[in-house]
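I opened a fresh page for this structure and went through it one lookup at a time. These are my notes, in the order I made them.

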Amino acid sequence: MKPTRRSFLRGAAAAGVGAAAGGGAARASGDPAFAELQPWMQELGDPVDAAPYGMPSEFEAHVQRKTVYWLTADPISSINFTPLHELDGIITPNGLCFERHHAGAAHVDPALHRLMINGLVDRELVFTMEDLLRFPRENHVYFLECAANSGMEWRGAQLNGCQFTHGMIHNVMYTGIPLRLLLAEAGVQTAGKWLLAEGADASGMTRSIPMEKALDDCLVAFKMNGEALRVEQGYPLRLVVPGWEGNMWVKWLRRLEVGDQPWHHREETSKYTDLLADGSARRFTWEMDAKSVITNPSPQAPLTHGPGPTVLTGLAWSGRGTIPRVDVTLDGGKNWHKARMSGPSLTKSLHRFYFEFDWNGQPLLLQSRAHDSTGYVQPTKDQLRAVRGTNSIYHNNGIQTWHVSKTGEAENVEIS
């Protein structure tokens, strides 16, 4: 009988099931978890109002932001990390977005919060939150990455887990007012070439921003992923500076001053500059270069299924545009394979990649290499060190390596 398309597809499906079974899928008839009635199949569940604000399943309670206590002297001025290895897709849930504070998370009453625009403007203005909500708003998905993300890895492999090496990043949809509309309302004078953003928390956080960037794609945001900003993310108002280091995304935004030159405040002199090997420092290194990391397998997400079909996945991003391509290697760079990109490709946003392969049970040396839309290719750590040395803390976008053993356990190693 001549094979039909339907019989071919049916055979392909059967072959797929067989392959999955070879990878460890159990026969339903012999699996007590399937064959026996479970408590949740016999008992009524929670009523609709059991959790007025929905929470994850109790079986996902381990999926949390985590800190490394010895990194900073005080948790008030500290950081925690997004559990990248537990996530998929490109959007970070609000409750898992990493935190970075300089004086703790401020609890600001929106009814008492104000935003001032002053300096070299035609009209000094003060807006209430109610005033701001009358301006046109836009929605954009952007990543926010701390400049110190991967900073502990400059001198070699340190922290064992992509949550800790790369977890100072999140990716959400921001709703906010284009900053250029607010500046137009105040009337920026010809001499106004710079903008100073100031936060309302006790640290008095300030950063200088070139006017070109302020008028380009910056937002004054009040929502993320559809709901109000979380307290730790700057409620009720924050600045969004797409593609640039997270320290510039001033939280609890209270003032925007227009000036004719940068202010050279603490966070752009003694901090957030890049110390080079000769003792000089790069300053105003705002853009976040193309970067990627394999999130699974990784030290916190070992291979537990044994040899057979295996899904590798990770994230890539660039502060200069999109990520059209990611390469992955299973053998420490001897052979590279083009990963499969999946999901939306948005500028200055996270991109999700996958690579499916049959693991033979032998050790792996996993790496990923991002290509961005400008043609920039993510460097090795040695290529980066040849230019920057090892004195820096910030802007480490070198290729990350995970070693996976025969048992499936993974650890942070370095192949430069």
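**Entry 1: a hairpin.** I'm working from a predicted model, so every note here is about a prediction. I started at the hairpin of β7 and β8, where 2 residues sit between the strands and Asn225 has a positive phi near 50 degrees. Strands β7 and β8 (residues 227-228) run antiparallel and are joined by 2 bridges. I looked up who faces Met224 and found Glu227 in β8 as the bridge partner.

**Entry 2: the other neighbours of β7.** Next I asked which strands pair with β7 besides its hairpin mate. Strand β4 (residues 169-178) pairs with β7 in the antiparallel sense, over 5 bridges. Strand β9 (residues 238-240) also pairs with β7 antiparallel, over 3 bridges. Leu219 turned up in both lookups: Pro178 stands opposite Leu219, and Leu219 also stands opposite Val240 in β9. Is β7 mostly covered or mostly open? I checked residues 219-224, and 5 of the 6 are buried, so I wrote down "mostly covered".

**Entry 3: what the record says.** I turned to UniProt, where an unreviewed entry lists "domain: Oxidoreductase molybdopterin-binding" at residues 104-263. Over that stretch, residues 104-263, I get 13% helix and 36% strand, with the end C-alpha atoms 24 Å apart. The unreviewed entry in UniProt also places "domain: Moybdenum cofactor oxidoreductase dimerisation" at residues 283-400. Residues 283-400 come out at 7% helix and 36% strand, and their end C-alpha atoms are 25 Å apart.

**Entry 4: two domains and their contact.** The domain assignment gives me domain 1 (78-283) and domain 2 (291-413). Their centres, taken over C-alpha atoms, are 27 Å apart. The contact takes 44 residues from domain 1 and 43 residues from domain 2. How much area is buried between domain 1 and domain 2? I noted about 3,700 Å², with carbon and sulfur atoms giving 53% of that. On the domain 1 side, Ile90, Trp154 and His166 supply 22% of the area buried against domain 2, more than any other three residues.

**Entry 5: charges across the interface.** I reminded myself that side chains of opposite charge can pair when their charged atoms come close. The search finds 5 salt bridges across the interface of domain 1 and domain 2. I also looked up Glu153, which forms a salt bridge with Lys381, the closest N and O atoms being 3.9 Å apart.

**Entry 6: salt bridges elsewhere.** Over the whole structure the search finds 25 salt bridges. I picked Glu99, which forms a salt bridge with Arg65 at 3.6 Å between the closest N and O atoms. Both residues are in the loop between α2 (32-35) and β1 (114-119), yet they are 34 residues apart. Glu99 and Arg65 are both buried.

Then I saw that Arg65 has a second entry: its side chain meets Glu232 in a salt bridge of 3.1 Å, N to O. Glu232 is in the loop between β8 and β9 and Arg65 in the loop between α2 and β1, so this pair ties together parts 167 residues apart in sequence. Glu232 is buried, as is Arg65.

My next pick was Glu245 with Arg207, a salt bridge of 3.0 Å, N to O. Glu245 sits in the loop between β9 and β10 (253-259) and Arg207 in strand β6 (residues 206-210), so this pair ties together parts 38 residues apart in sequence. Why do I call Glu245 buried? Its relative accessibility is 1%, and buried means under 20%. Arg207 is buried too, with a relative accessible area of 1%. I also jotted down one network, in which salt bridges with shared partners join Glu153, Lys381, Asp382, Arg385 and Glu414.

**Entry 7: backbone oddments.** I went looking for cis peptide bonds. One joins Tyr235 and Pro236, with omega about 10 degrees, and Pro236 is in the loop between β8 and β9. Another joins Asn296 and Pro297, with omega about -5 degrees. Pro297 is in the loop between β13 (291-296) and β14 (308-317).

Last, I checked positive phi values. His264 has one of about 55 degrees although it is not a glycine, and His264 lies in the loop between β10 and β11 (274-275). Tyr272 is in the loop between β10 and β11 as well, with phi near 55 degrees. Are these two buried or partly exposed? His264 is partly exposed, at 35% relative accessible area, whereas Tyr272 counts as buried at 5%.

Note on methods. Residues are numbered from 1 along each chain as its sequence is written. This is a predicted model: local features need pLDDT of at least 70, side-chain atom pairs count only at pLDDT 80 or more; totals for chains, interfaces and linings use all residues. Side-chain values use heavy atoms; hydrogens and water are left out. UniProt positions are given in the numbering used here, feature names are shortened, and annotations may be inferred rather than shown by experiment. Helices (H or I, at least four residues) and strands (E, at least two) are DSSP runs, numbered from the N terminus. Buried means under 20% relative accessible area, exposed over 50%, partly exposed in between (1.4 Å probe, protein chains only). Two strands pair if DSSP finds at least two bridges between them. Domain bounds come from an automatic or database domain assignment. Contact means heavy atoms within 4.5 Å. Buried area is the accessible area (1.4 Å probe) that two parts lose on being put together, summed over both. A salt bridge is a side-chain nitrogen of Lys or Arg within 4 Å of a carboxyl oxygen of Asp or Glu.
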